[in-house]
Structure formats: C-alpha cells, structure tokens
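Here is a short structural report for a computational chemist. Please look over the sequence and the model before reading on.

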Amino acid sequence: AGIFKSDDIQGHQRYAGFLAAIRDAGLNIPDDRVYWYTTEERRFLLDYGHTEMLDHFLSFYLRDCTAVVCYNDEIADRLVRHLLGMGRKIPGDISVVSFDNSYYSDLCPIRITSLAHGVHKMGEIAAQLLLDRMEGKPCQSQSVSWRLLQKESG
C-alpha cells in the first residue's frame, strides 16, 4: 500500500517512483491501495493528533497488505506509532518504508527504513547552478540518486 501527498509535486513524483518499482517487480499496480492526503489532513494529524486519516487508511487501503510506502518519515512515524498502539508488529505484521531519512526515521520506536536523497549534495548542486546562471552560463537539470537505508521497520 502507499500514502502520498496530493497537493505538491513531490508527492506525485514519489508516487511515480512507487509505481515504477511495482511495475519493475512484475506486480499489479494497486490503485485501490494508495491513499492520497492533503496539507490540511496532514495538519490535523501532525499538529492536532487527530488520527482519522490513519484509521481510514488502515480500514480501506491497507487491509491485507504486508507493506506500506509513506510519502515521508513524518507520516511513517505517525503510522508506526498508530500501528504499535493497535498491537501490530513491525515488521512482523507489516513493513513500513518512507522517504527523506529525516530524524523522524531514527526517533521512531521502530527505526524506519527510509530513502535518503543526499540533501547536502542537492544543495551544493543548486548553489552551483545558481552561481553559473548569475554568470550567464547555461544550466541543465540534474538528478541526485536516492539511497535506501535499511533499518528495523522493513
């Protein structure tokens, strides 16, 4: 299953990567297993502790899945805590992976397996491109590779 943010481009790009991995593994694309949330729903979950979003995801999207990919570590952290509170075992019952490898991935009761994207390298490239542009040099889009950091959640 998957949880992705619908109102920013990053959510759609991460979803595209999720679909590519599913396809490359020869699996069916699980449209009915992907939950899209908004910034407002995120605010209710993270700022106010309302778990309706997670309850809805668990009831209608996760069901019999054995793994979930989360938009970021912040959402994965809340999902892991919610699942543990329900008595679910991670990764025994379900594996959880996410994006960013932020401090949330290490502070969670079960350290979250997460994709890291080299924030420092990305910043270095962005700064160099900006300096080149200011000097009138041509600039081209560049990519920074993701790296999977295997931890306890899956």
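The report goes from the overall fold to the sheet, the loops and the charged pairs.

## Basis

This is a predicted model, in which local features need pLDDT of at least 70, side-chain atom pairs count only at pLDDT 80 or more, and totals for chains, interfaces and linings use all residues. Residues are numbered from 1 along each chain as its sequence is written, and side-chain values use heavy atoms, leaving out hydrogens and water.

## Overall fold

The chain holds six helices and six strands. Both are DSSP runs numbered from the N terminus: helices are H or I with at least four residues, strands are E with at least two. Their sequence pattern is β-α-β-α-α-β-α-β-α-β-α-β. The C-alpha trace spans about 60 × 35 × 30 Å along its principal axes.

Of the 154 residues, 36% are buried. Buried means under 20% relative accessible area, exposed over 50%, and partly exposed in between, with a 1.4 Å probe and protein chains only. The chain exposes about 9000 Å², and carbon and sulfur atoms supply 54% of that area. Accessible areas come from the Shrake-Rupley method with a 1.4 Å probe; for residues, only the protein chains shown count as cover. Among contacts between residues at least 6 apart in sequence, 68% join residues at least 24 apart. A contact means heavy atoms within 4.5 Å.

## The sheet

Six strands form an open sheet in the order β2-β1-β3-β4-β5-β6, with mixed pairing. Two strands pair if DSSP finds at least two bridges between them. Why do β2 and β6 each have one side without a neighbour in the sheet? Strands β2 (34-37) and β6 (147-149) stand at the edges with a single partner strand each, so one side of each stays free of a neighbour in the sheet. Neighbouring strands are turned by 20° against each other on average, direction ignored. Axes here are lines fitted to C-alpha atoms, for helices over the stretch in contact, and angles run from 0 to 180 degrees between N-to-C directions.

Strands β1 (residues 2-5) and β3 (residues 67-70) run parallel and are joined by two bridges. There, G2 has V69 of β3 as its bridge partner. Two helices pack on the sheet. Helix α1 (residues 9-24) touches β1, β2, β3 and β4 (95-99), and its direction makes about 150° with that of β1. Helix α4 (residues 73-85) touches β1, β2, β3, β4 and β5 (113-116), and its direction makes about 160° with that of β4.

Further along, β4 and β5 pair in the parallel sense over three bridges. F99 is matched with L115 in β5. Strands β5 and β6 run antiparallel and are also joined by three bridges. A116 stands opposite R147 in β6.

## Loops and backbone

Which two residues does a cis peptide bond join? The bond links I90 and P91, with omega about 5°. P91 sits in the loop between α4 and β4.

The loop between β4 and α5 (103-107) contains D100. Phi of D100 is near 105°, a positive value in a residue other than glycine. N101 lies in the loop between β4 and α5, and has a positive phi of about 50° although it is not a glycine. D100 is partly exposed at 23% relative accessible area. N101 is partly exposed at 25%.

## Charges and surface

A search of the whole structure finds 16 salt bridges. Each is a side-chain nitrogen of Lys or Arg within 4 Å of a carboxyl oxygen of Asp or Glu. Three pairs are listed here.

| Pair | N to O distance |
|---|---|
| D93 and R88 | 4.0 Å |
| E152 and R111 | 3.9 Å |
| D132 and K137 | 4.0 Å |

The pair of E152 and R111 links distant parts of the chain, 41 residues apart: E152 is in the segment after β6, R111 in the loop between α5 and β5. E152 is partly exposed at 41% relative accessibility, and R111 is partly exposed at 32%. D132 counts as buried at 16%, whereas K137 is partly exposed at 40%. D32, R33, R63 and D64 are linked in a network of salt bridges.

L130, L131 and M134 make a nonpolar surface patch of about 330 Å². Patches are made of residues with over 30% relative accessible area and no salt bridge; like charges are joined within 9 Å, and nonpolar side chains (Val, Leu, Ile, Met, Phe, Trp, Tyr) within 5 Å. L131 lies in helix α6 (residues 119-134) and is partly exposed at 44% relative accessibility.
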